[in-house]
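Biologist: Could you walk me through the inside of this protein? I'd like to start with the empty spots and then see what packs around them.

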Amino acid sequence: MTTQQRLVETLRSKGLLPPDWRDAVASVDRALFIPEVIEEGDFSTDPESWLRAVYSDAPVVTQVNDGKSTPEGAFRLFTSSSSMPSVMLEMLGLLDVREGQRVLEIGTGTGYNAAWLSHRLGENNVTSVEVDEAVWSTAVENLKRAGFHPTTILGNGRDGHHRGAPYDRIICTCTMREVPPAWWEQCPIGRIVTPWGSSFFSGSYATLDVMNGKAQGSFSGYPAFMWDRTQRGGAGRIPDIYHGEEGEKGSTDIAPQNVVQDDPAFFTGLSLTDAWYRWCDADDDSGEATLWFFADDRKSWATVEYVPGAETYEVEQYGPRALWDEVRKAFLDWHALGKPERSRFGLTVDGDGQWVWLDDPHNVMANRRLE
């Protein structure tokens, strides 16, 4: 049964369909927001595969490499999608929107989320901003076809949409490094929900309540959203960055898999904001693996070689930065703090910047100034 009802039943059986959103999910046909050719299938040649992808609780990629031509074999960066419906509902649950409230959405994408919001709140209470002109124009057509006409703006979501302010809620559908001042200025008493992080770890929602010129809240969840296009994190294929250079050799007694677990990786990402990692298992059945680290500017890299049962692990570092040393220091600092879980950290944002704190807003762990 590859129909809208299948999607509703899938979400309901998982216990992921809140009563407040049931009617919107059931009434808005996801197929109206998905192009006929997607990564998972082509409607004209294989309609069944296309329908299975559309009506499953899974993301559907709708754009690669910002819509630019991608040569065969080149790195494919996913740059727009229809998010996993259960993840959309998770974010909307954090948003805690109520009837009559006005919502600003950052990142229109396909328009599917804006349609849910329009169905629930009324299209006059929904404004959505999209930076990509092709994505924006397609979303407008998708929304019209589904019978919705919210305010849709082509522009930089970091600026919000001042003419429509004030808003009661702001929801962002791309990962942010900072919460822009325009957002809490345009939502002076309300709530902001956004994926938040750094190149090293971007798997958190920040849920911030806004009052008296300040947004403050906590981290949760495990989102995997595309980046704000003005501040993307590093990405790519290893052969595109590493060309056989030899770095400085060393060793460590820290098992490499330990530093990329969620809690220590979150903490490391507070200071190491401009580097990313990739875990690569060996092609054989040895259980060995290499943990790679790359600076966003591609000038520095590091590796740690994992061997099962070993007590020390080979390290190699190349470039102007010793990336493993930076990761090691952050990991040891996290240990010295008692290995705090991510749920103990919070975020405060005001006109002077943003601060991540541990347990208490005065216990600052990291400080990023907003430009």
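**Holes and cores**

Modeller: Happy to! W196, L347, Q354, W355, V356, A366, N367 and R368 line the largest cavity. Keep in mind that this is a predicted model.

Biologist: Which strands each supply at least two residues of that lining?

Modeller: Look at where the lining residues fall along the chain: Q354, W355 and V356 are among them, and so are A366, N367 and R368. One strand covers 353-358 and another covers 364-368. The strands you want are β18 and β19.

Biologist: How much space lies in the largest cavity?

Modeller: The structure holds 1 cavity of 30 Å³ or more. By class, its lining has 5 nonpolar, 2 polar and 1 charged residues. The space inside is about 30 Å³.

Biologist: Now the largest nonpolar core: which helix gives the most to it?

Modeller: That core has 52 residues, and W183, W196, V259, F293, W324 and L347 touch the most other members. The helix that gives the most spans residues 323-336 and adds 5 residues. It's α11.

Biologist: And how many residues are in the second, separate core?

Modeller: Its members include V87, L92, V103 and F148. In soluble globular proteins, nonpolar side chains tend to be buried together. The count for this second core is 30 residues.

Biologist: Last one: which element gives the largest share of the lining of the second largest pocket?

Modeller: This pocket is lined by 17 residues, with F33, I34, P35, T138 and N142 nearest its centre. Two elements give two or more residues, β3 (60-64) and α6 (133-146). The largest share is 5 residues, and it comes from α6.

Conventions. Residues numbered from 1 in each chain as written. Predicted model: local features only at pLDDT ≥ 70, side-chain atom pairs only at ≥ 80, totals over all residues. Heavy atoms only, no water. Core = buried A, V, L, I, M, F, W, Y, C linked by side-chain atoms within 4.5 Å. Buried < 20%, exposed > 50% of the residue type's maximum accessible area, 1.4 Å probe, protein only. Helix = DSSP H or I, 4+ residues; strand = E, 2+ residues; numbered from the N terminus. 1 Å grid on protein atoms, 1.4 Å probe; cavity = no way out; pocket = protein on both sides within 12 Å on 5 of 7 lines; lining within 4 Å. Points joined across faces, edges and corners; volume = space filled by probe spheres on them. Nonpolar A, V, L, I, M, F, W, Y, C, P; charged D, E, K, R; others polar.
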